[in-house]
Amino acid sequence: MPKNPEHLASPAEQVLHKQINGAEEGGACLTGHSTSYSDACSCTYRWQVVRESRRNRRAVYNKVPVLKQQQEREYRAKDPALPQGSIPTSYNPAKHANSNLQYGPYISLPQPGDWQVFGPTRADMKDAAGNTIPPGANFTKWTWPYWNNAHHMIPKGTFNGTIDDIDDLDCRELVRVGLLRAEYNVNHHINIILLPMDQEVARVMELPRHLIRDEEFIRIEIGSKYFNHGAYNQNVRTRLEAIIDSFRAAVDRERPENCKAWPIVKLSKKRLEVLSKHCYAEIIKFGTKSPGSAISDMPPLSSSALRN
């Protein structure tokens, strides 16, 4: 059972929200939930994405990166004390005072099996703080095997904010009701991807990193918080608005004028799931072209894959 459920955003959701314990499918959830890696239920997005990554995304993470000589020279020029076979992390103890973040200023490049989704495969694997990672425990903690985060490709806040922008309160509620009846789950693994937080880890893994670094705030996203990715959110919202507007129109068609009883509106989750799949493909493509860049630096999502 999730420890900190925060997903009941309206009276209708308290009735129609559906959590399936021990399963990924069949749930209905529209907003935030447990951040645990171990709460096994349909609403727990980190548990979901680790299972999906082990099942269908192994090629994304099961890499053994090798440093090019030029990269190694650059690292050593910046920090002559950097241990051999290591890369610098984004961790700065002066700025990251969170006691829950046990990490270090550098991380060793992996041996085969160290960073794979079913790894590590050896018993003496260490994380960036020097703590032992038990075999098979990768991605069950936010610093194993490296600093990582589970990213909602349709961000929860952007999704709910777009619905909240519907002027009519009853229409808003009916959209939520319709999506819950359609068993849409914003925390389903189809909408989540594991991303590195470290710039250099992301670079050697040919992935984008999740968030911008604090020294880049002003340059990239004025007014954005460190834990947010405002430019990415807006990128997705541009595509999301048309989908939510179609839901609003469906509700309006089904709702008789001056009718006090709410109609049963049938909405489809397909377009939202198509958008998630498209975001996933674009994130992977962006990582290949611009490894180490933050997802907020992604170009606008193309519309060709979103016409159905």
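## A walk through the fold to helices H9 and H10

Start with the whole protein chain in cartoon view: along the sequence it reads α-α-α-α-β-β-β-α-α-β-α-α-α-α, with 10 helices and four strands (DSSP runs, H or I of at least four residues for helices and E of at least two for strands, numbered from the N terminus). This is a predicted model, where local features need pLDDT of at least 70 and side-chain atom pairs count only at pLDDT 80 or more, while totals for chains, interfaces and linings use all residues. Residues are numbered from 1 along each chain, and side-chain values use heavy atoms, without hydrogens and water.

Next, select H9 (residues 230-254) and H10 (residues 270-289), whose axes come within 10 Å and cross at roughly 160 degrees (lines fitted to C-alpha atoms over the stretch in contact, with angles from 0 to 180 degrees between N-to-C directions). H9 and H10 are therefore roughly antiparallel, the word for angles over 145 degrees. On the H10 side, show Arg-271, Leu-272, Leu-275, Cys-279 and Ile-283, which make the contact with H9 (heavy atoms within 4.5 Å).

Now centre on Leu-272. Leaving aside neighbours within four places in sequence, Leu-272 is in contact with Ile-154, Phe-159, Leu-179, Tyr-184, Leu-240, Ile-243 and Phe-247.

Finally, colour the largest nonpolar core, 68 residues (buried Ala, Val, Leu, Ile, Met, Phe, Trp, Tyr and Cys joined through side-chain atoms within 4.5 Å; buried means under 20% relative accessible area with a 1.4 Å probe, protein chains only). Tyr-61, Tyr-146, Phe-159, Leu-179 and Leu-272 touch the most other members. H9 supplies the largest share of this core, eight residues.

Technical notes. Angles under 35 degrees count as roughly parallel, over 145 as roughly antiparallel, 65 to 115 as roughly perpendicular and the rest as oblique. Buried means under 20% relative accessible area, exposed over 50%, partly exposed in between (1.4 Å probe, protein chains only).
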